[in-house]
Amino acid sequence: MLSDSVVGLVDNYRPMDQGKMLEEAIFFVKEQSYYMKKAIEMEDVSNSLKHGSNIISELRTSSLSPIHYYELYMKVFNELEYLADFIGDHAKKTNIIPELYVSVQQATFILPRLYLLVMVGAHYIKSKKVTAKEILDDITELCKGIQHPMRGLFLRYYLVQICKDKLPDSDPDNENGFIDSFDFLMNNFCESIRLWIRLNTAGNDKKKLDKERLELGLLVGANLVRITQLEGVDINFYSSTALPRILSEIKSIDDNVAQKYLLDCLIQAFSDEFHIQTIDDILSACVSSVKSGNFTNDITINNINFCTYYHVDGGISILMTMMNRLSVFLTSNPESLPEGVDIFSTFQKHLSTINVVYNLSVQGNQEPEGPQVGIKGYLDLQAAFLEFITTLYPGTVEHVEFVLNKVVEVLSNILGDVVIEGPAANSIVKLLTVPIKALSLKALELSYNEKLISFLSWEMRKEMSYNLIDELVTTNILMDELSSFEIFFNLVSPLFLPFDEEKGEYISDHLLEKIKLEQYQICKLIQAIKCSDVCDQFSIYKDLTERILKSGSLRMKHTLPCLVNCSLSLLFSSSNREFSQTQSTQFQTPNVQFKNMKISFNHDFSMEILKYIHHLMELLQPISPKKTLKLLMLVSISVDEFARSSIGVFGENTKFMTDMKMMCLDFLMKACNCYEDEISGGENQVYCIKYMCSAVSSRITILDSEDYLNVAMLLAKYALNLIRLTQRCEVLCCASHLFNSPQYYNEQRLVWCLEKCVTLVETLDFYTPSKLVESLMFPLETSKYFKLKNTTKLVQNKLDKLSQLLPKDEMKKYEEKVKALQEYTNLLTK
């Protein structure tokens with residue numbers, strides 16, 4: 001039988017047996033619960049209390065870990081609710097509560113005795129036959145008999161759970177009910193703290209022991225939650241009575257981990273309105289709890305000075321939680337800020353008392369007095385503070401400059417010229433990027449940037465570049481001044497510079513992947529660049545191009561296509577805004593419209609963009625010819641669409657339309673030259689010709705008929721120059737669609753393409769019959785699609801002759817293809 005006397009402070013539970021012991025305990029609880037419910041059904045008070053006491057006796061164990069003990073407690077609590085309801089119902093019928101209150105105190109063991117006493121005492125209070133204060137004082141005093149940390153803590157948690165709706169604060173007949181309730185909860189809170197901090201105070205694994213204790217912190221915090229629910233807790237009572245007593249109790253604890261947890265409970269339990277009214281007291285307590293954790297300092301690697309700081313959270317998370325809560329609250333309720341309170345000055349006053357510690361050996365092993373934190377914690381705290389004040393005071397440059405100049409001063413005094421690595425460097429990156437949200441690109445012009453960046457290694461500067469670009473994308477900031485871009489580019493310039501490994505003869509796949517990812521980030525930057533004036537935006541594109549060209553061909557192939565697409569978007573955004581305004585200003589001349597528009601756009605500017613794109617294509621062609629060809633076709637189509645969308649402004653017979661036709665033709669011919677000079681290999685050639693034929697036949701409409709037909713015939717001749725017969729016939733049939741365009745319809749050349757296939761088959765009759773038949777199936781299908789009866793008859797006759805030469809297995813495949821083609825033809829005729 002377990003003894004309820006005060007035991008050692010360490011729970012010597014065996015981890016390997018936890019599951020089994022919990023299972024056995026729960027089995028016994030279920031068994032006794034069955035008998036208890038039977039007794040309840042028979043309204044047998046004595047036996048129901050007996051079995052209830054047996055259920056509670058399982059909580060006398062010292063062998064379970066906190067998490068398993070909590071699971072057992074919840075099972076016991078759920079079963080005891082049946083007993084509590086039974087006693088309450090029985091008390092309504094008989095005057096048995098005073099008798100039960102005395103009788104349960106005769107239980108053999110103290111722990112079941114007190115659980116039952118709490119249960120019956122709650123009903124005793126509800127009956128109003130005695131004052132609530134008398135019962136609560138009696139129970140509180142008796143609960144001191146359980147001094148085992150875990151058992152005592154759960155008992156007091158049970159006391160709060162059962163009596164939370166029995167407190168006298170809501171009793172109108174009790175003038176002192178509110179004060180009595182507060183005193184009861186505060187006493188229970190203080191006793192719970194004393195039991196809680198004694199949990200697992202010895203052992204080798206301090207981290208594990210602290211974690212297990214914190215898992216039970218909610219049992220202590222439940223008292224604070226109930227205090228917030230008392231009727232009568234207002235800002236005056238909170239600031240004059242509740243907060244001083246709570247903080248006094250928390251400060252009296254020597255355990256720093258427990259202090260921080262309880263402060264966090266206090267912040268979470270009470271409303272932000274209360275915190276803002278008592279901000280000085282709360283901040284003073286939070287800052288006092290900040291103490292430095294463990295950190296190490298590694299210096300000189302390969303004759304280069306590096307410092308890496310590892311800092312365990314020294315309490316800064318509490319301050320960060322406070323900032324996050326208040327920023328949300330004050331943003332939604334700005335009127336809640338007390339008159340005369342300057343949040344920035346208040347926080348700065350308290351944060352400035354925190355000492356930054358990084359290497360005690362350098363300081364003669366003497367810890368500075370007062371709150372202290374490591375480099376990582378200090379930077380995290382300042383980053384959170386910066387985000388807090390930029391949320392409350394958006395656009396206030398002075399606050400940002402003050403905080404960051406102070407950070408630079410502290411780091412310079414402590415580190416000198418040492419480069420920061422590791423997690424602390426990430427905090428510096430955050431300090432550099434946070435102000436952009438509130439100050440836009442003005443934040444990049446402030447004096448602290450250069451010095452903060454000097455604390456970062458080259459790799460961390462690249463990380464900063466990533467974050468700056470992401471911030472620019474997220475905030476959608478206009479880059480209206482070229483000077484802003486120059487400053488911004490200097491900060492992200494590491495992404496444009498080559499790796500040292502690129503100087504070698506061999507470049508690994510891993511390095512190529514890193515280069516690609518970096519350039520994808522540059523592409524995000526290009527797409528994020530926005531200016532209110534398209535001329536400025538275009539100037540930035542050109543400036544950026546010069547920098548990209550210096551970075552080498554490995555990067556150009558990723559970024560130049562993005563520049564092409566963004567330049568086209570720039571062209572179209574101007575055109576769309578022009579065209580929308582002309583409908584409401586039909587009687588104005590184009591020159592008048594341009595003056596009234598926010599975006600300056602004219603004929604010369606559009607030509608400048610297209611010439612710029614032409615230059616990019618020339619640079620990209622040797623590096624990525626296939627991608628260049630596709631982009632050239634895209635640009636040709638875009639010029640066509642741009643010209644058609646601008647007809648309402650310029651008219652059809654102006655120099656503008658002539659220039660657009662010329663540029664469209666020029667890009668098409670550039671694509672043809674790219675094909676001739678760069679594309680090799682049968683499959684690549686087939687793909688590129690079919691791609692060009694599809695684009696030209698479906699999207700090009702502004703060319704003169706002669707120019708269009710010249711381009712179409714050139715593509716058809718490319719098809720004739722392919723190596724394989726089947727490829728020639730296939731691509732020739734694709735090229736025939738060029739002459740089926742409504743605007744450029746030419747049946748003679750369409751038929752020429754299809755009949756040329758028959759001519760090729762007749763000329764190259766040394767191929768096997770199966771190859772010849774396969775080649776002729778393309779013109780047969782195409783001629784039926786175009787409903788060219790004479791051509792279809794010509795092809796069919798040739799096929800009939802060749803099919804006789806096919807072997808049986810090939811003949812069967814041929815017949816299946818003919819059948820499928822006939823079904824396709826039937827669909828066309830419907």
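**The buried helices and the core of a predicted model**

In helix α16, the buried residues are Ile 343, Phe 344, Thr 346, Phe 347, Gln 348, His 350 and Leu 351. The model in which they lie is a predicted one. Because seven of the nine residues of α16 are buried, this helix is largely enclosed by the rest of the structure. The partners against which its buried residues pack are α13, α14, α15, α17 (375-392) and α18 (397-415).

One of these partners, α14, offers a second view of the region. Helix α14 spans residues 279-288, and its buried residues are Ile 279, Ile 282, Leu 283, Ala 285, Cys 286 and Val 287. These residues pack against α11 (235-251), α12 (256-269), α13 (272-277), α15 (316-332) and α16 (343-351). Helices α13 and α15 thus appear again, having also been named as partners of the buried residues of α16.

A single residue helps to connect these elements. Leaving aside residues up to four places away in sequence, Leu 319 touches Leu 283, Cys 286, Val 287, Val 290, Leu 351, Ile 354 and Leu 381. Among these, Leu 283, Cys 286 and Val 287 are buried residues of α14, while Leu 351 is a buried residue of α16.

Leu 319 also has a place in a wider setting. The largest nonpolar core of the model comprises 275 residues, and those with the most contacts inside it are Leu 266, Leu 319, Phe 347, Leu 411, Phe 488 and Ile 613. The helix that gives the most to this core is α5 (residues 110-127), with twelve residues. In soluble globular proteins, nonpolar side chains tend to be buried together. Phe 347, named above for its contacts in the core, is one of the buried residues of α16.

The chain as a whole may now be considered. It contains 37 helices and four strands. Of its 830 residues, 51% are buried. When contacts between residues at least 6 apart in sequence are taken, 75% of them join residues at least 24 apart.

Towards the beginning of the helix numbering, α1 (residues 18-41) and α2 (residues 45-57) form a pair. Their axes lie 8 Å apart and the helices pack at an angle of about 165 degrees. An angle over 145 degrees counts as roughly antiparallel, and α1 and α2 are therefore roughly antiparallel to each other. The crossing of α1 past α2 is left-handed. On the side of α1, the contact is made by Phe 28, Val 29, Gln 32, Ser 33, Tyr 35, Met 36, Ala 39 and Ile 40; on the side of α2, by Asn 47, Ser 48, His 51, Gly 52, Asn 54 and Ile 55. Seven of these contact residues are nonpolar and seven are polar, with no charged residue present.

The loops supply some further details. Tyr 358 lies in the loop between β2 (355-356) and β3 (372-373), and with a relative accessible area of 15% it is buried. The C-alpha atoms of Tyr 358 and Gln 372 are separated by 9.8 Å, the two residues being 14 apart along the chain.

Two lysines in loops complete the account. Lys 128, in the loop between α5 and α6 (132-143), has a positive phi of about 60 degrees although it is not a glycine. Its relative accessibility is 65%, so Lys 128 counts as exposed. Lys 787, in the loop between α35 (769-786) and α36 (789-803), likewise has a positive phi, near 60 degrees, without being a glycine. At 57% relative accessibility, Lys 787 too counts as exposed.

Methods:
Residues are numbered from 1 along each chain as its sequence is written. This is a predicted model: local features need pLDDT of at least 70, side-chain atom pairs count only at pLDDT 80 or more; totals for chains, interfaces and linings use all residues. Side-chain values use heavy atoms; hydrogens and water are left out. A nonpolar core is a set of buried Ala, Val, Leu, Ile, Met, Phe, Trp, Tyr and Cys residues joined through side-chain atoms within 4.5 Å. Buried means under 20% relative accessible area, exposed over 50%, partly exposed in between (1.4 Å probe, protein chains only). Contact means heavy atoms within 4.5 Å. Axes are lines fitted to C-alpha atoms, for helices over the stretch in contact, and angles run from 0 to 180 degrees between N-to-C directions. Angles under 35 degrees count as roughly parallel, over 145 as roughly antiparallel, 65 to 115 as roughly perpendicular and the rest as oblique. A crossing is left-handed if the near helix is turned anticlockwise from the far one by less than a right angle, and right-handed if clockwise. Ala, Val, Leu, Ile, Met, Phe, Trp, Tyr, Cys and Pro count as nonpolar, Asp, Glu, Lys and Arg as charged, and the others, Gly among them, as polar.
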